[in-house]
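Visitor: Please show me the model, and then I will ask how its descriptions are justified.

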Amino acid sequence: MFKKILVRLISGFLMLGLITVLFVNFHPVFGGESKGEILEKMKETPNYSNGKFTNLYPTKNDFSWDDYKKIFGKMFKGNPNKKPSKSLPVIKWDKSQLDELRDSETSLVWYGHSAFYLKMNGKNILIDPMFGDYPSPVPYIMPKRFNDTLPIAIEDLPEIDIIIFSHDHYDHLDYGSIKRLKGKTKKFIVPLGLGAHLKKWGVEESKISELYWEDSITVADITFTCTPAQHFSGRGLLDKMSTLWCSWVIDGKHKLFFSGDSGYFEGFKKIGKEHGPFDVCMMECGQYDELWKDIHMMPEETAQAHLDLKGNMLIPIHWGGFTLSNHDWDDPVQRLYKASMEKNINLSTPIIGEKIIVGKEQQFSDWWKQ
C-alpha cells in the first residue's frame with residue numbers, strides 16, 4: 001500500500017514538472033529569444049557575458065536560505081493593508097476627450113503602477129503599458145490590480161505613434177496588452193533583447209528598435225535615450241538577466257525622465273549631469289524591501305534620485321497598481337511625501353486617470369487617504 005502511494009506521489013510530481021516545462025517552453029506569454037544581428041550586438045556590449053547582462057555596480061540578486069526564511073516569514077505573517085479595501089478611484093476618459101488634447105501641450109495620464117499615456121509634440125506615446133489585471137504569466141497566482149477599470153480602454157486609444165518599455169517583467173510588459181496594441185502602434189522602442197518577445201507575439205520587426213545604454217533614436221522630433229538602471233530582467237525559469245533593463249530620457253517639447261525599476265545608484269547623478277535638468281521625473285518608489293533594496297529604491301532614495309537628476313516635478317510610480325511586496329499599499333507615497341516635504345521637492349500625486357500638463361502648476365492631492 002505504501003509503495004503504491006509513493007509511486008503515485010512521484011508520478012504526480014514528475015507529471016507536474018513535465019507540464020511546467022512544456023508550459024514554459026511553448027506558451028507564448030514567456031516571449032522569445034534573441035537571435036542574429038541583435039544577439040551579436042548584445043555580445044558586443046561591455047556588460048553582457050555568458051548570455052546575461054550585469055548591472056554597472058554590484059547588486060544582490062540571489063537570496064540565501066536565511067533571506068528566503070525572512071521573505072516567507074513576512075508572507076505567512078500577513079499584512080491586511082497590502083492592498084486597498086476597495087477599488088481605487090479612476091478618472092475615466094473617452095476617445096473624444098483624448099482627441100481634444102492640445103498638440104501644443106505635453107500631457108501625461110497615469111494608469112496606475114508604472115504605465116502612462118503621454119502626448120508630446122502632437123504624438124501619442126505609451127510608457128510601459130501594462131493594462132492587464134495580473135502581473136504574472138497566468139491569472140490568480142499574483143494579486144489582482146487595485147483598480148477595477150482603466151482610464152482609457154485599449155479599444156478607445158487613438159493610433160499610438162510610439163511605445164517604450166523599460167524591461168520585460170510581467171508588471172511592465174504584458175502579453176495580452178501587446179496582442180491588443182500591436183495593430184494600432186507604429187513604433188516600439190525597447191532595451192536590447194526585449195524585441196524578441198514582441199516578435200514572438202506578432203509585432204513586425206520593422207516596427208522595433210532595440211537600444212543599448214546611451215543609445216538614442218529620434219522619432220517625430222522626440223529623442224529617446226536609453227539610460228542605465230539598476231535592476232534585472234527575465235520572464236521564465238532560466239532567462240534571468242538575458243535581456244537589458246533601462247530608464248528613459250524623453251526629449252521633445254519638454255524633457256522627461258522615466259526610471260523604470262531601479263535601486264538607488266550613482267548612475268542617477270551621471271544621467272542628471274549629462275541629460276538634465278528634467279521638467280518631470282517619473283520615479284519608482286514602491287514594492288521595496290531591505291532584502292532587495294539594490295534593485296528597488298526606498299521612497300527616501302527616490303527623493304534623492306530626483307534631486308540627483310535635477311528634476312522639477314516628481315511623479316511617483318511603481319505603486320498604486322499591484323501588491324509585489326509586504327509593505328502597506330500606500331506606504332510608498334506616504335514616505336515619499338514626507339521625504340519630499342523635507343527636501344522641498346515639487347511632488348505630484350495624480351489620481352489614476354488624472355491629466356497632468358507638463359510645465360503648469362499641479363495641485364497636490366492626498367487622495368489615497370480617502
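Guide: The questions below deal with burial, contacts and one helix.
Guide: This is a predicted model, in which local features need pLDDT of at least 70, side-chain atom pairs count only at pLDDT 80 or more, and totals for chains, interfaces and linings use all residues. Residues are numbered from 1 along each chain as its sequence is written, and side-chain values use heavy atoms, with hydrogens and water left out.

Visitor: Why is Thr323 called buried?
Guide: Buried means under 20% relative accessible area, exposed over 50%, partly exposed in between (1.4 Å probe, protein chains only). Thr323 has 9% relative accessibility, so Thr323 counts as buried.

Visitor: What makes Ala303 buried?
Guide: Ala303 has 0% relative accessibility and therefore counts as buried. Ala303 lies in helix H8, residues 299-308; helices are DSSP runs of H or I with at least four residues, strands runs of E with at least two, numbered from the N terminus.

Visitor: What is Ala303 in contact with?
Guide: Contact means heavy atoms within 4.5 Å. Leaving aside neighbours within four places in sequence, Ala303 is in contact with Leu336, Ala339, Lys343 and Ile345.

Visitor: Which residues of H9 are buried?
Guide: Those of H9 are Pro332, Val333, Leu336, Ala339 and Ser340. They cover an arc of only 125° around the axis, so they are on the same side of H9; the arc is that of the directions from the helix axis to the C-beta atoms.

Visitor: What does the face of H9 turned away from its buried side carry?
Guide: That face carries the exposed residues Lys338 and Glu342.
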